[in-house]
Amino acid sequence: MKTKLLTSSQEDIIQAGRLLREGKLVGIPTETVYGLAANAFDADAVAAIFKAKGRPADNPLIVHISRLEQLDGLVKEIPEAAVQLAAAYWPGPLTMIMPAADIIPRIVTAGLDTVAIRLPSHETARRIIDAAGVPLAAPSANTSGKPSPTQAVHVIHDMNGRIAAVVDGGECRFGVESTVITLCSDPPMLLRPGAVTPDMLRAVIGEIAVNHAVLERMNEGETAASPGMKYKHYAPDTDIRLVTGDFEAYAAYCKANMLPGDWAMCFSGEGKRLEQEHGLAVKYIEYGQEDDLLSQAKGLFAALRRLDAEGAKRAYVRCCRPEGVGLAVYNRLVRAAGFNIVG
Ligand code: TXA
Ligand code: MG
């Protein structure tokens, strides 16, 4: 199969919609990361997603809609908290878990009786959903376990020859996946941090719980509230060491521990400073500005992917501040590092 590269022209969007209705897989841009989409009502098409990604069958998918009215048919009930959160943050980078209607094939929910729903803000994503005329089940469009794709070339890199098409919608605005909250627990529980921060959720619905796996490694034998949290995730082939502390502490740690061939992954301008201020002339990749958490989110996955492209064996990564959107960046980094946190 040759993977077609489509644009966001009306003609191409119609073609993407037709491919999806035929049961094919299409890579689609969203404001978070690229998704690997299929008709959510077509169990065979959804099975093909798991195959193309090499995704474990017990990890459920998010169902994407283009308008709020579509929510009704997909869930058994709409909790009051969902109405409030949708009014505040949809369309946008927020996924809500609710009781699944019977119409949702259980392969989508990995056998659970809950379903994750998201209404993306990316215009091209919504036009593709409209053109398909059905909700789209879509995980991130990476090979399972690898960093998510934030550009169409990343999707081509992982999925070329395995899917019918990719729609190029440019670089994703946020760069980390949506916030996932389940409304099937009391209080609602944050399962995955994203650009809609815990404070933003609390401002609308009051008390929320934060699943401990957001920041910590899961315990041996523990049942995952969100199955996606139990796998090593977002990880390049490069061995990642996450270095905590400020720039001076990072530089000192790198100086004491780096071996020839190791890479630094740090914030904008810091690669030069390692050399000029600390005499450490190493290869480096930068991901965002130190004082701008959104820029770190946006640059994170492309930077991790570049480490692999460069063939880097090991990288010492400057840790972000785990607050606000930085909590999402931290959550991805600790998994990319397999919880190898040093410094
Ligand atoms: O931003 C995003 O959410 C992107 C774009 C494409 O929309 N999608 C995405 O999908 O990140 P994925 O499959 O990579 O991550 C979905 C996460 C997984 O951790 C999965 O376990 C969790 O959501 N999830 C989905 N349905 C669930 C459910 N019913 N109960 C608990 N967790 C669920
Ligand atoms: Mg994913």
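## Who lines the pocket

In this predicted model, the largest pocket draws at least two lining residues from each of β4 (62–64), β6 (114–118), β9 (179–182), β10 (189–192) and α10 (326–336). Of the elements that feed the lining, β6 gives the most, with 4 residues.

As for the numbers, the largest pocket comes out at a volume of about 750 Å³. Its lining runs to 43 residues, and the ones nearest the centre are Arg55, Asn59, Pro60, Arg192 and Ser226. Sort that lining by class and you get 19 nonpolar, 16 polar and 8 charged residues.

## What sits inside

Which molecule sits in the largest pocket? That would be ligand 1. Its surroundings amount to 25 residues, with Thr32, Arg55, Asn59, His64 and Ser178 as the closest. Arg55 and Asn59 turn up here among the closest residues to the ligand, and they are also among the residues nearest the centre of the pocket.

Split by class, the shell around ligand 1 holds 12 nonpolar, 9 polar and 4 charged residues. On the secondary-structure side, β4, β6 and β10 each put at least two residues into this shell. Here, too, β6 gives the most, this time with 3 residues; for the pocket lining, β6 likewise gives the most, with 4 residues.

## Polar contacts with the ligand

If you're going through the contacts one by one, asparagine 59 is a good place to begin: a polar atom of its side chain is 2.6 Å from an oxygen atom of ligand 1. Serine 140 also has a polar side-chain atom facing a ligand oxygen, with 3.0 Å between the two. Threonine 114 pairs with a nitrogen atom of ligand 1 instead, and an N or O atom in the threonine side chain lies 3.0 Å from that nitrogen.

How much of ligand 1's accessible area does the protein cover? On its own, ligand 1 has 680 Å² of accessible area, and the protein covers 97% of that.

## Backbone oddities in the loops

A few backbone details are worth a look too. The peptide bond running from tryptophan 90 to proline 91 is cis, with omega near -5°. Proline 91 belongs to the loop that links α3 (80–89) and β5 (94–99).

There is also a cis peptide bond from aspartate 186 to proline 187, where omega is near 0°. Where does proline 187 have its place? In the loop between β9 and β10, and both of those strands supply at least two residues to the lining of the largest pocket.

Then there's tyrosine 234, a residue other than glycine with a positive phi, near 55°. Look for tyrosine 234 in the loop between β11 (209–210) and β12 (239–243).

Notes: Residues numbered from 1 in each chain as written. Chains lettered and ligands numbered in written order. Predicted model: local features only at pLDDT ≥ 70, side-chain atom pairs only at ≥ 80, totals over all residues. Heavy atoms only, no water. 1 Å grid on protein atoms, 1.4 Å probe; cavity = no way out; pocket = protein on both sides within 12 Å on 5 of 7 lines; lining within 4 Å. Points joined across faces, edges and corners; volume = space filled by probe spheres on them. Nonpolar A, V, L, I, M, F, W, Y, C, P; charged D, E, K, R; others polar. Near = heavy atom within 4 Å. Polar contact = N/O pair within 3.5 Å; in protein donor to acceptor, adjacent residues only side chain to side chain. Areas by Shrake-Rupley, 256 points an atom, 1.4 Å probe, with all protein chains shown as cover. Sits in = over half its atoms within 2 Å of the grid points.
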